[in-house]
Every structure is written in structure tokens, then in C-alpha cells.
Amino acid sequence: QVQLVESGGGSVQAGGSLRLSCAASGRTFSMYTVGWFRQAPGKEREFVTSITWSVANAYYVDSVKGRFTISRDKAKNTVYLQMNSLKPEDTAVYYCAASVVGTVFEYWGQGTQVTVSS
């Protein structure tokens, strides 16, 4: 089993930056992919970015390419999401999730709120 705890959310103005952290515990050695998702009120949860735990291959949706960077520190069992040039449409609860089998995300954190004001 894997436990995930997000932190680093907050409120910033458009154009600002935040760095989110996702601390993993438990059977972290079994993680294959760690991803970030976000959900705005009244909207479905959407995939944002992911990284493979072993070799750090990353993938981003087009809307965040060039602005967001995902990284991981295996020694600290932590995944980061550096968010730059934030836009109001980035406002959402951000969740990290982990897959231990392929790309099926089985484990989820509690979420952290990101609010971007115009």
C-alpha cells in the first residue's frame, strides 16, 4: 500500500508560482507512476502531469506545458509540481496519485487547494 500527502497549495495572483509536494510512504518502492490531477468546483477531475518513479520520464497535458514541471526525489519519497505563470484557470484542488501496476492510479492523496486570482 502507498500513502500520499500533498502540501504547498495556497493563493497567488496570476503570473505567480507555487510548488506542490507529494510525500509518499508505505510501499513506495512499488510505485510505477506518480501523477498530478486537479479538480475545480463543478468540474470533473482532470489529469495534469505524471512521472515514472524509476527513470523520471514525464508527460504533460498541453495546457501546462512550459509552465509546470514535475520532478521526483526518490531518496525523499517525494514528487514535486513546480507551477509557474499561473493562470486563474489553474485554480483547483490538486491531487497526487500513484500507480503500482502500469498506469492505473490506485492511490490518492487528500488534495491541496490552489487558488489563482486575476
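Here are some questions and answers about this predicted model.

User: How many residues does the largest nonpolar core have?
Analyst: Let's start with who sits in it: Leu4, Trp36, Phe68, Val79, Leu81, Met83 and Tyr94 have the most contacts inside this core. Eight strands, E1, E3, E4, E5, E7, E8, E9 and E11, each supply at least two of its residues. In soluble globular proteins, nonpolar side chains tend to be buried together. Here the largest nonpolar core has 30 residues.

User: Tyr94 is one of those core residues, so which residue stands opposite Tyr94 where E4 meets E9?
Analyst: E4 and E9 run antiparallel, with 7 bridges joining them. Leaving aside neighbours within four places in sequence, the contacts of Tyr94 include Trp36, Phe37 and Arg38. The one standing opposite Tyr94 is Arg38.

User: And in E11, what is the bridge partner of Tyr94?
Analyst: E9 pairs with E11 too, in the antiparallel sense and over 3 bridges. Among the contacts of Tyr94 are Gly111, Thr112 and Val114. The bridge partner in E11 is Thr112.

User: Is E9 mostly covered or mostly uncovered, and how many of its residues are buried?
Analyst: A residue counts as buried when its relative accessible area is under 20%. In E9, which has 10 residues, that makes the strand mostly covered. The number buried is 7.

User: E9 also forms a hairpin with E10; which residue in the turn has a positive phi?
Analyst: The two strands run antiparallel and are joined by 4 bridges. Val101 stands opposite Val104 in E10, and the hairpin has 2 residues between its strands. The turn residue with a positive phi, about 60°, is Gly102.

User: Which residues other than glycine have a positive phi in the loops on either side of E8?
Analyst: In the loop between E7 and E8, Asn77 has a phi near 50°. In the loop between E8 and E9, Ser85 has a positive phi of about 50°. Asn77 counts as partly exposed at 24% relative accessibility, and Ser85 is partly exposed too, with 42%. So the names you want are Asn77 and Ser85.

User: How far apart are the closest N and O atoms in the salt bridge of Arg38 with Glu46?
Analyst: Arg38 is buried, with a relative accessible area of 6%. Glu46, on the other hand, is partly exposed at 36%. Their closest N and O atoms are 2.7 Å apart.

User: Arg38 also meets Asp90 in a salt bridge; how many residues apart are they?
Analyst: Their side chains meet at 2.9 Å, N to O. The pair links distant parts of the chain, with Asp90 in the loop between E8 and E9 and Arg38 in strand E4. Asp90 is buried, with a relative accessible area of 0%. Along the sequence, the two are apart by 52 residues.

User: Is Asp62, the salt-bridge partner of Lys65, buried or exposed?
Analyst: The closest N and O atoms of Lys65 and Asp62 are 3.1 Å apart. Lys65 is partly exposed, with a relative accessible area of 48%. Asp62 has a relative accessibility of 63%, and the cut-off for exposed is over 50%, so Asp62 counts as exposed.

User: Which residues do salt bridges that share partners join into one network?
Analyst: A search of the whole structure finds 4 salt bridges. Arg38 takes part in one with Glu46 and in another with Asp90. The network joins Arg38, Glu46, Arg67 and Asp90.

Note on methods:
Residues numbered from 1 in each chain as written. Predicted model: local features only at pLDDT ≥ 70, side-chain atom pairs only at ≥ 80, totals over all residues. Heavy atoms only, no water. Core = buried A, V, L, I, M, F, W, Y, C linked by side-chain atoms within 4.5 Å. Buried < 20%, exposed > 50% of the residue type's maximum accessible area, 1.4 Å probe, protein only. Contact = heavy atoms within 4.5 Å. Pairing = 2+ DSSP bridges.
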